Amino acid sequence: MSPGMVMPVESRNADYDSLETQYQKGVKHLYDNGIEHVPRKYILPASERPNVVNERSRDATNHVNLKLPIIDFSELQGPNRSQVLTSLASACENYGFFQLVNHGIPHEIISNMVDVSKRFFELPFSEREKYMSADIGSPVRYGTSYNQTNDGVFCWRDFLKLVCHPLPDLLPHWPSSPLDFRKLAVRYVKEVKFLFLMLVDAILESLGLMNKKKTTEEDEDEDEIKEILKEFEDGSQLMVMNCYPPCPQPDLTLGMPPHSDYGFLTLLLQDEVKGLQIQHKENWVTVEPIPGSFVVNVGDHLEIFSNGRYKSVLHRVLVNSMNYRISVASLHSLPFKSKVQPCPKLISETNPRRYMDTDFATFLDYIKSRDSTKKSFLQSRKLTS
């Protein structure tokens with residue numbers, strides 16, 4: 001190559017910095033500027049792309065779509081509660097996910113939350129960037145990819161994360177645009193928190209921790225459970241609004257990489273556009289959306305609390321070339337400073353303790369220092385036999 005054809009180092013570095021700046025602004029910004037090809041920064045290694053079939057499971061093509069177990073929340077409040085609790089336990093053990101229907105949150109509150117999320121992402125970038133931060137501990141954070149500080153390959157996703165507890169202290173920091181954002185988001189956050197607490201009550205009962213007998217020992221057990229429920233009332237709540245713009249080459253990238261959720265339970269509200277996949281029987285299967293329902297999944301903290309009985313399952317998000325996809329995830333757990341550990345009542349000689357204690361600070365330290373995909377944090381908490 002002749003000297004005249006060699007790009008100066010300073011020029012190459014300037015071009016690289018310019019591209020990196022564009023990527024940090026997010027995929028909505030790229031899409032709005034008419035991008036026609038997926039930049040190299042977003043292209044996954046061939047073995048990690050979404051259409052790769054697991055060679056160990058030859059029938060993968062027969063399990064493209066999956067109907068998750070359906071839990072009718074209204075039935076939990078009636079005479080069929082015991083049967084529904086059995087179904088709930090089975091879903092948490094065998095799928096780590098279920099669809100929650102007839103949950104009691106008014107349709108208007110749900111549709112308004114999806115709508116105001118869309119309108120936030122439609123704001124000019126100059127408005128959205130006010131909330132951009134590389135600090136993963138920030139209580140209000142607009143960002144892109146999964147962990148944009150550490151991600152070698154970016155994923156096709158922008159997000160707004162809002163810490164929701166204690167709400168009075170945090171609300172003044174939430175976005176003030178669109179004008180009705182705070183009002184609609186607060187109504188949604190309060191409804192979802194109440195629903196989560198009702199689900200925790202059912203989860204604990206499904207684990208056999210809430211016997212109704214009145215022996216002295218069982219009265220003491222019930223007092224312990226009441227203390228746990230009180231902790232959840234004061235527990236952490238994180239709301240994440242996700243935006244997946246149309247992608248010109250969706251087979252080359254993902255909206256979110258394979259991961260498990262760190263909390264106790266996640267309640268996911270999604271629009272009608274498919275995208276969520278879970279790992280089930282060594283296959284990636286697409287969850288069929290049910291309008292107005294929540295997709296609920298077991299988080300790492302619940303797997304630890306149940307001493308491995310309930311499973312925190314890997315999941316990921318596909319993108320497409322035609323439609324925006326919007327989802328709103330509410331991640332719930334104990335207070336940030338609380339210790340998460342296997343419930344002593346679920347440990348025995350035949351089912352020994354399987355996990356170390358953990359807390360939120362340990363999780364934050366882990367994802368700051370490592371690639372936080374592929375369930376590595378939960379694996380790091382497992383005790384070796």
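This text leads through a predicted model, from one helix to two groups of strands and then to some unusual backbone positions.

Helix α5 is a convenient place to start. It covers residues 107–121, which makes 15 residues. From the first C-alpha to the last, α5 reaches 22 Å, close to the 21 Å expected at 1.5 Å a residue. Some of its residues are buried, namely Ile-109, Ile-110, Met-113, Val-114, Val-116, Ser-117, Phe-120 and Phe-121. These residues lie on the same side of α5, because they cover an arc of only 165 degrees around the axis. A general rule helps in reading such a list: an α-helix has 3.6 residues a turn, so residues three or four places apart point the same way.

Helix α5 also packs against another helix, α8, which is formed by residues 181–206. Two packed helices are described by the angle between their axes and the distance between the axes. For α5 and α8 the angle is about 135 degrees, and the axes are 9 Å apart. Angles over 145 degrees would count as roughly antiparallel and 65 to 115 as roughly perpendicular; α5 and α8 are therefore oblique to each other. The crossing of α5 past α8 is left-handed.

The strands come next. Strands of a sheet pair through backbone hydrogen bonds, either parallel or antiparallel. One open sheet has five strands in the order β1-β10-β9-β12-β7, and its pairing is mixed. At the edges stand β1 (65–66) and β7 (256–259); each has a single partner strand, so one side of each is left without a neighbour in the sheet. Within this sheet, β9 (residues 276–280) and β12 (residues 315–317) run antiparallel and are joined by three bridges. In one of the bridges, Gln-277 has Arg-316 of β12 as its partner.

Another strand to look at is β11, residues 294–298. Are its residues buried or exposed? Five of the five are buried, so β11 is largely enclosed by the rest of the structure. Phe-294, Val-296 and Val-298 point one way from β11, while Val-295 and Asn-297 point the other way. Strand β3 (residues 97–101) pairs with β11 in the antiparallel sense over four bridges, and Gln-99 stands opposite Val-295. Strand β8 (residues 265–270) is also joined to β11 by four bridges and runs antiparallel to it. Here the bridge partner of Thr-266 is Asn-297 in β11.

Last come the backbone positions. Most residues other than glycine have a negative phi, and most peptide bonds are trans. The peptide bond from His-165 to Pro-166 is cis, with omega near 0 degrees. Pro-166 belongs to the loop between β5 (158–163) and α7 (167–170). Ser-177 and Pro-178 are joined by a cis peptide bond too, with omega about -10 degrees, and Pro-178 sits in the loop between α7 and α8.

Two residues other than glycine have a positive phi. Lys-281 has a phi near 55 degrees, and Asn-307 also has a phi near 55 degrees. Lys-281 lies in the loop between β9 and β10 (283–287), whereas Asn-307 is in the loop between α10 (300–305) and β12. Which of them is buried, and which is exposed? Lys-281 is exposed, with a relative accessible area of 68%. Asn-307 is buried, with a relative accessible area of 2%.

Methods. Residues are numbered from 1 along each chain as its sequence is written. This is a predicted model: local features need pLDDT of at least 70, side-chain atom pairs count only at pLDDT 80 or more; totals for chains, interfaces and linings use all residues. Side-chain values use heavy atoms; hydrogens and water are left out. The expected span of a helix is 1.5 Å times one less than its number of residues. Buried means under 20% relative accessible area, exposed over 50%, partly exposed in between (1.4 Å probe, protein chains only). The arc is that of the directions from the helix axis to the C-beta atoms. Two strands pair if DSSP finds at least two bridges between them. Axes are lines fitted to C-alpha atoms, for helices over the stretch in contact, and angles run from 0 to 180 degrees between N-to-C directions. Angles under 35 degrees count as roughly parallel, over 145 as roughly antiparallel, 65 to 115 as roughly perpendicular and the rest as oblique. A crossing is left-handed if the near helix is turned anticlockwise from the far one by less than a right angle, and right-handed if clockwise.
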